[in-house]
Amino acid sequence: MAVNRHSLRRTTAVAITALTAACVTSRREEREPAVPVMVAEAPQSDSIPVAISSLAAPAEAPESRPAPTPPAAPDPVERLLNAARADLGRRGGSAGIDCSTYVRAAYLAAGIDLYAAALPRDNGVQAIHRYVRRHGRLQRARLPAKGDLVFFDNSYDRNRNHRLDDPLTHVGIVEDVLPDRTVLVLHATNHGVVREPMNLRRPHALAGASGQPINAALRRRSAYDAPRTPHLMSELFAGFGTVLGEDRVATRTVARRSTRPVRRH
């Protein structure tokens with residue numbers, strides 16, 4: 001059968017064109033890789049948030065430092081003298097503070113109750129004198145030290161018999177001893193709480209060579225007194241008493257506060 005040459009040429013051309021297109025497509029896929037599928041990613045933050053704990057961070061341990069040294073306790077003699085000076089000018093006599101109550105209060109500031117050894121029959125001065133005999137030292141010959149007690153006899157007519165037979169009627173506190181041996185005494189008198197001098201080297205003189213007072217009057221003169229009846233502090237002096245001092249440990253003299261009533265003298 002005869003073949004139509006024109007139809008054959010047409011068929012051949014179409015086949016060549018299809019092969020060429022297929023070849024081109026295959027080579028393009030080899031040269032250009034497949035485009036990857038894009039997956040949406042979460043935006044990245046510059047900083048990652050951190051959960052905050054409700055518990056506070058532990059505090060840093062403080063630096064270990066040596067414990068401060070406590071201040072030295074004030075000297076007990078200075079404590080009692082400061083307490084005694086604080087009452088200077090206070091009213092004395094029957095309407096104010098009496099001598100033994102004044103002295104006791106000053107010593108209480110130093111932790112010592114001078115009434116602790118009192119007996120029921122004692123007045124204030126006798127109770128203090130008894131305490132010194134039991135816990136301290138009594139003496140008359142040597143000069144006293146600051147804070148010592150000073151006792152007097154016959155500062156007034158306690159038994160009202162018009163005689164000088166009344167021992168231990170008054171007490172004071174030694175504040176200082178001056179270079180001329182004049183002792184400054186803090187005590188409660190009828191005219192108030194005062195600081196007055198007493199010089200045992202010149203017991204009958206009111207003033208020294210330069211006119212300074214060296215002895216104060218303690219006993220009031222009365223119509224029953226003779227002209228030479230003692231009335232100055234040095235004339236009525238009965239002795240010194242030491243409770244606190246360098247040769248006596250303060251803690252040995254501290255006593256429990258007495259609850260016994262002591263008569264006012």
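**Exercises on the sheet, its helices and the pocket**

In this predicted model, Phe152 stands opposite His170 in strand E3.

**Exercise 1.** Determine which strands pair around this position, and in what sense.

*Solution.* Start from the two strands concerned: E2 covers residues 149–152 and E3 covers residues 170–177. Four bridges join E2 and E3, and the pairing is antiparallel.

**Exercise 2.** Place E2 and E3 in the whole sheet and explain why E1 and E5 each have a side without a neighbour.

*Solution.* First write down the strand order, which is E1-E6-E2-E3-E4-E5. These six strands make an open sheet with antiparallel pairing. Next look at the edges: E1 (137–139) and E5 (192–198) each have a single partner strand, so one side of each lacks a neighbour in the sheet. From one strand to the next, the twist averages 30 degrees.

**Exercise 3.** Identify the strands that helices H3 and H4 meet, and give the angles.

*Solution.* Take H3 (residues 99–108) first: this helix packs on the sheet and touches E2, E3, E4 (183–189) and E5. The direction of H3 makes about 50 degrees with that of E3. Then take H4 (residues 124–135), which lies across E1, E2, E3 and E6 (237–242). H4 runs at about 130 degrees to E2.

**Exercise 4.** Describe the largest pocket by volume and lining.

*Solution.* The volume is about 720 Å³. The lining has 25 residues, and Ser155, Tyr156, Asn190, Leu218 and Arg220 lie nearest the centre of the pocket. By class, the lining divides into seven nonpolar, 11 polar and seven charged residues.

**Exercise 5.** Find how many contacts beyond four places in sequence the model has for residues 12–57 and for residues 246–259.

*Solution.* Over residues 12–57, pLDDT stays under 50 and the number of such contacts is zero. Over residues 246–259, pLDDT also stays under 50, with 28 such contacts. For the chain, pLDDT averages 79, and 66% of the residues score at least 70.

Terms used: Residues are numbered from 1 along each chain as its sequence is written. This is a predicted model: local features need pLDDT of at least 70, side-chain atom pairs count only at pLDDT 80 or more; totals for chains, interfaces and linings use all residues. Side-chain values use heavy atoms; hydrogens and water are left out. Two strands pair if DSSP finds at least two bridges between them. Axes are lines fitted to C-alpha atoms, for helices over the stretch in contact, and angles run from 0 to 180 degrees between N-to-C directions. Contact means heavy atoms within 4.5 Å. On a 1 Å grid over the protein atoms alone, a cavity is a set of points where a 1.4 Å probe fits but cannot get out, and a pocket is an open set with protein on both sides within 12 Å along at least five of seven lines; lining residues have an atom within 4 Å of a point. Grid points are joined across faces, edges and corners, and a volume is the space filled by probe spheres set on the points. Ala, Val, Leu, Ile, Met, Phe, Trp, Tyr, Cys and Pro count as nonpolar, Asp, Glu, Lys and Arg as charged, and the others, Gly among them, as polar. pLDDT is the predictor's confidence in each residue, from 0 to 100.
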